[in-house]
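I'm opening a fresh notebook page for this one. My plan is to go through the sheets, then the charges, then the rings and the cysteines.

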Amino acid sequence: SVMAALEALVRYGGMDCIIIARGGGSAEDLAGFNDEALVRAIFACPVPVISGIGHQIDFTLADFVSDFRAATPTAAAEHVFLERRHLDARIREFRTRLSKAALHGLDRQRNRLLARARRLVHPQAYLDRRGRELDNVAMALERAVLRLLERERRRLERAADTLDEQALLARISLGNREMLRVRERLTGLVRERLHAGREGLIGYKSTLAALNPLGVLERGYAVVSDADGRALRDTTAIEPGDRVSVRLHRGGFTADVEAVDG
């Protein structure tokens, strides 16, 4: 009957294991589990077999050919079916480990992106900064011109108080001409400085546009980096089987190296 049940279970299929169990008894009660045909059937069974025959001190030949021997039928059931609290603890452990691994991976990727972002300076940001510096220079020159004109005006006013009317008119006329000459000269200097600054800014802009890696990528080129994020310049730094990252003008992807040329 035990052999027939074992064969029926194998034919039915879809199970993880089979438990062959019997409570305690005399040697004659357990003798059937020493039957050679049953022992061979258990050994040949494709499904894992757990034996839980008799008490802890009882041994049969079926115990020695089973995949696992339990001391009692209860112990066999406990070995297969873990307690709910044990399962909950394992699930919590796996959930915690999975969350930590996911957070660690995200943090590592975020740090890599931040490191790459710090190494890149957008050309527009550089041009904006240089433009603000040029505006500051222009404002400083304008204030200097106004201070100089105001100082000259006060000097002329003080001189006028000590002269007669005719001399005063002559000094005023001379002062006005001198002031106009100084104003024109300073205005010319400001224009020249501003023009030179604009020309330099245009040159910086052209240089940055030529060196801008995004402009190179826009023309169809790509930046290939190794697993540590370092840009590859020749094939000596990679081997077949390595994983590389490819940055395009829009987006990117990762690839595995199959062969290395050169």
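**Sheet one.** I began with an open sheet of three strands in the order S4-S5-S6, where the pairing is antiparallel. For my own reference, strands are DSSP runs of E with at least two residues, helices are runs of H or I with at least four, and both are numbered from the N terminus. Two strands count as paired if DSSP finds at least two bridges between them. Strand S4 (223-225) and S6 stand at the edges with a single partner strand each, so one side of each has no neighbour in the sheet. I also looked up the twist: neighbouring strands here are turned by 25° against each other on average, direction ignored. The axes behind that angle are lines fitted to C-alpha atoms (for helices over the stretch in contact), and angles run from 0 to 180 degrees between N-to-C directions.

Before going on, I noted what I'm working with. This is a predicted model, so I kept in mind that local features need pLDDT of at least 70 and side-chain atom pairs count only at pLDDT 80 or more, while totals for chains, interfaces and linings use all residues. Residues are numbered from 1 along each chain as its sequence is written, and side-chain values use heavy atoms, with hydrogens and water left out.

Back to the strands. How many bridges join S4 to S5? I found three, with the two strands running antiparallel. Val224 has Val246 in S5 as its bridge partner. S5 and S6 are also antiparallel, over five bridges, and Val244 is partnered by Ala255 in S6. S5 and S6 make a hairpin with four residues between them, and Gly251 in the turn has a positive phi of about 80°. A general reminder to myself: in a regular strand the side chains alternate between the two faces of the sheet.

**Sheet two.** I then turned to another open sheet of three strands, in the order S1-S2-S3 with parallel pairing. Strand S1 (18-22) and strand S3 (68-69) are the edge strands, each pairing on one side only. Strand S2 (residues 49-53) pairs with S3 in the parallel sense over two bridges. Ser51 has Arg69 in S3 as its bridge partner.

**Charges.** Searching the whole structure gave me 11 salt bridges; such a bridge is a side-chain nitrogen of Lys or Arg within 4 Å of a carboxyl oxygen of Asp or Glu. I followed some of them up.

- Glu150 and Arg153 meet at 2.3 Å, N to O. Both lie in helix H7 (residues 123-160), three residues apart, about one turn of the helix. Glu150 is partly exposed at 31% relative accessible area, and Arg153 is partly exposed at 35%. My cut-offs are under 20% for buried, over 50% for exposed and partly exposed in between, with a 1.4 Å probe and protein chains only.
- Glu150, Arg153 and Arg154 are linked in a network of salt bridges.
- Glu152 and Arg155 meet at 2.7 Å, N to O. They are three residues apart in helix H7, so about one helical turn separates them. Glu152 is partly exposed at 25%, and Arg155 is partly exposed at 38%.
- Arg243 and Asp256 meet at 2.9 Å, N to O. This pair links distant parts of the chain, with Arg243 in strand S5 (residues 243-247) and Asp256 in strand S6 (residues 252-256), 13 residues apart. Asp256 is partly exposed at 45%.

**Rings.** Rings of Phe, Tyr and Trp (its six-membered ring) pair if their centres lie within 6.5 Å; planes under 30 degrees apart are stacked, over 60 edge-to-face, and the rest tilted. That rule gave me one aromatic pair. Why is the pair of Phe59 and Phe64 called stacked? Their ring centres are 6.0 Å apart and their planes are at 25°, so the pair fits that label. Phe64 counts as exposed, at 61% relative accessibility.

Phe59 has a charge to go with its ring: Arg69 lies over its face, 4.0 Å from the ring centre. For that I required NZ of Lys or CZ of Arg within 6 Å of the ring centre and within 35 degrees of the ring normal.

**Cysteines.** I found zero disulfides, taking one to be a pair of cysteine sulfur atoms within 2.5 Å. Why is Cys17 not bonded to Cys45? The sulfur of Cys45 is the closest cysteine sulfur to that of Cys17, but at 10 Å it is too far for a bond. Cys17 is partly exposed at 24%, whereas Cys45 counts as buried at 12%.
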